[in-house]
Amino acid sequence: MSDNVKKEIFEWLKTIAIAGAMALLITSFVRPTLVRGVSMFPTLEENDYLLIYRQAYRSDLPEHGDIIVFKSHLLQTNGKEKDLVKRVIGVPGDHVVVMDGKVFVNDEELTEAYINGNYTDGNVDEIVPDGYIFAMGDNRPNSLDSREESVGMIPLDDIIGKVFIRLYPFNKITTL
């Protein structure tokens, strides 16, 4: 084998190794996801393409208003567990009350300009336990979230990451 062929093979192997290392590095920090459903309307719409920062909560807790993606125990039609996109309403120690169409956290009514409509269904009076958060969709009449027993409080360990950018549709690219 000639030196030129060896150099060419070495360059190809080096390029593949660098690309593989970069892909591994990127995927350990960022993950794409596609919005399915209307539970986050009007903030997010069906088929919006999002990027999630996977390391957001490795050392910090979620904050009120963060939009997160988490693993649920709800099953898709293919039998796999569904990932849900919701907004953080309550963090550990918060007292969350949903009553008469309004949401209160620690006895203060939330001002929620981001929700669809001005009414939140449900009757909730819960203290968020350590290691959990309380989250709801922005489209309150059409969101399966912490108000429902099938979702309930979300364990911090089930959070995949924080949504930080909408990449598609292109005319709606924005940080979140």
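## The largest pocket

Let's start with the pocket lining: its residues split into 8 nonpolar, 6 polar and 6 charged. This is a predicted model, and the largest pocket in it has a volume of about 460 Å³. There are 20 lining residues, and the closest to the pocket centre are Arg36, Gly37, Lys82, Asp83 and Leu84.

Which strand gives the most to this lining? That would be strand 4, with 6 residues. Strand 4 covers 81-90, and both it and strand 1 supply at least two lining residues each.

## A bridge between strands 1 and 4

The two strands also turn up together in a salt bridge. Arg31 pairs with Asp83, and the closest N and O atoms are 2.8 Å apart. This one links distant parts of the chain, since Arg31 sits in strand 1 and Asp83 in strand 4, 52 residues apart. Remember that Asp83 is also among the residues closest to the centre of the largest pocket.

Are these two side chains buried or exposed? Neither, quite: Arg31 has a relative accessible area of 24%, so it counts as partly exposed, and Asp83 is partly exposed too because its relative accessibility is 31%.

## Other salt bridges

The structure holds 8 salt bridges, and two more are worth a look. As a reminder, side chains of opposite charge can pair when their charged atoms come close.

One of the bridges joins Lys162 and Asp66, at 3.6 Å from N to O. Lys162 belongs to strand 11 (residues 159-168), while Asp66 is in the loop between strand 2 (49-53) and strand 3 (67-75), so the bridge ties together parts that are 96 residues apart in sequence. The partners differ in cover: Lys162 is partly exposed at 27% relative accessible area, whereas Asp66 counts as buried because its value is 9%, under the 20% cut-off.

Lys14 and Glu11 make a local pair, with their closest N and O atoms 3.6 Å apart. Both lie in helix 1 (residues 3-29), 3 residues apart, which is about one turn of the helix. Lys14 is partly exposed at 36% relative accessibility, and Glu11 is partly exposed at 38%.

## A nonpolar surface patch

Over on the surface, Leu34, Tyr49, Tyr168, Phe170 and Ile173 make a nonpolar patch of about 500 Å². Leu34 comes from strand 1, which spans residues 30-34. With a relative accessibility of 34%, Leu34 counts as partly exposed.

## Cis prolines

Tyr168, one of the patch residues, is also part of a cis peptide bond: the link from Tyr168 to Pro169 has omega near 10 degrees. Pro169 is in the loop between strand 11 and strand 12 (174-175).

Another cis bond runs from Phe41 to Pro42, again with omega near 10 degrees. Here the proline sits in the loop between strand 1 and strand 2.

## Positive phi without glycine

Where does Asp100 lie? Look in the loop between strand 5 (95-99) and strand 6 (102-105). Asp100 has a positive phi of about 55 degrees, although it is not a glycine. At 65% relative accessibility, Asp100 counts as exposed because the value is over 50%.

Asn106 is another non-glycine residue with a positive phi, near 55 degrees. Asn106 is in the loop between strand 6 and strand 7 (108-109), and a relative accessible area of 38% makes this residue partly exposed.

Definitions and conventions. Residues numbered from 1 in each chain as written. Predicted model: local features only at pLDDT ≥ 70, side-chain atom pairs only at ≥ 80, totals over all residues. Heavy atoms only, no water. Patch = residues over 30% accessible without salt bridge, like charges linked within 9 Å, V, L, I, M, F, W, Y side chains within 5 Å. Areas by Shrake-Rupley, 256 points an atom, 1.4 Å probe, with all protein chains shown as cover. Salt bridge = Lys/Arg side-chain N within 4 Å of Asp/Glu carboxyl O. Helix = DSSP H or I, 4+ residues; strand = E, 2+ residues; numbered from the N terminus. Buried < 20%, exposed > 50% of the residue type's maximum accessible area, 1.4 Å probe, protein only. 1 Å grid on protein atoms, 1.4 Å probe; cavity = no way out; pocket = protein on both sides within 12 Å on 5 of 7 lines; lining within 4 Å. Points joined across faces, edges and corners; volume = space filled by probe spheres on them. Nonpolar A, V, L, I, M, F, W, Y, C, P; charged D, E, K, R; others polar.
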